[in-house]
Amino acid sequence: NEDSGQQQHRDGGSKAHRDRESKRARHILEEAIVLASRIQLLRAEDARIRRKLTAVQESTQAVLAMAKRERSAALFVEHAQLRATRENLRASNAFLKASVEL
């Protein structure tokens, strides 16, 4: 028996031990495959999120640029209206001044 135990040890252990090691190795391999798949899915999700983020940033920049142009146009119109009002006031003042002097 002692000789057979030493023989089993030299041959890599008992069949049960080899089976356990084989199952363990298979389990580790399966886990590695699952983890690799998860990593691949996470990378794909990351890429999708980055594309969406880029699209949102571009849309935001476009909206901000349009709002800036609209503000500039509104300020231009307001400035023109103020200029016209100032000219009307000058004309009215000149008319009133001329009326008082008569």
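**Figure 1. Asp19 pairs with Lys15 in a salt bridge.** The closest N and O atoms of this pair are 3.4 Å apart. The model shown here, as in every view below, is predicted. Both Asp19 and Lys15 belong to helix α2, which covers residues 15–101. Four residues separate Asp19 from Lys15, about one turn of the helix. How accessible are the two partners? Asp19 is partly exposed, at a relative accessible area of 36%. Lys15 is exposed, at 56%. Lys15 counts as exposed because its value of 56% is over the 50% cut-off.

**Figure 2. Asp46 and Arg50 form a salt bridge in helix α2.** Here the closest N and O atoms lie 2.9 Å apart. Asp46 and Arg50 are four residues apart, so about one helical turn separates them. Is Arg50 buried or exposed? Arg50 is exposed, with a relative accessible area of 54%. Asp46 is partly exposed, with 36%. That label fits Asp46 because 36% falls between the 20% and 50% cut-offs.

**Figure 3. The side chains of Glu87 and Arg90 meet in a salt bridge.** The N to O distance is 3.2 Å. Which helix holds this pair? Glu87 and Arg90 sit in helix α2. Their spacing is three residues, so they are separated by about one helical turn. Glu87 has a relative accessibility of 40% and counts as partly exposed.

**Figure 4. Three salt bridges are found in a search of the whole structure.** Asp19 with Lys15 is one of them. Asp46 with Arg50 is another. Glu87 with Arg90 also belongs to the set. Why can such pairs form? Side chains of opposite charge can pair when their charged atoms come close. In the pair of Asp46 and Arg50, the closest N and O atoms are 2.9 Å apart, which means the contact meets the 4 Å cut-off.

**Figure 5. The protein chain has two helices and zero strands.** Helix α2 runs over residues 15–101. How many residues does the chain have, and what share counts as buried? The chain has 102 residues, and 1% of them count as buried. The exposed area of the protein chain is about 9700 Å². Carbon and sulfur atoms supply 59% of that area.

How values were computed:
Residues are numbered from 1 along each chain as its sequence is written. This is a predicted model: local features need pLDDT of at least 70, side-chain atom pairs count only at pLDDT 80 or more; totals for chains, interfaces and linings use all residues. Side-chain values use heavy atoms; hydrogens and water are left out. Buried means under 20% relative accessible area, exposed over 50%, partly exposed in between (1.4 Å probe, protein chains only). Accessible areas come from the Shrake-Rupley method with a 1.4 Å probe; for residues, only the protein chains shown count as cover.
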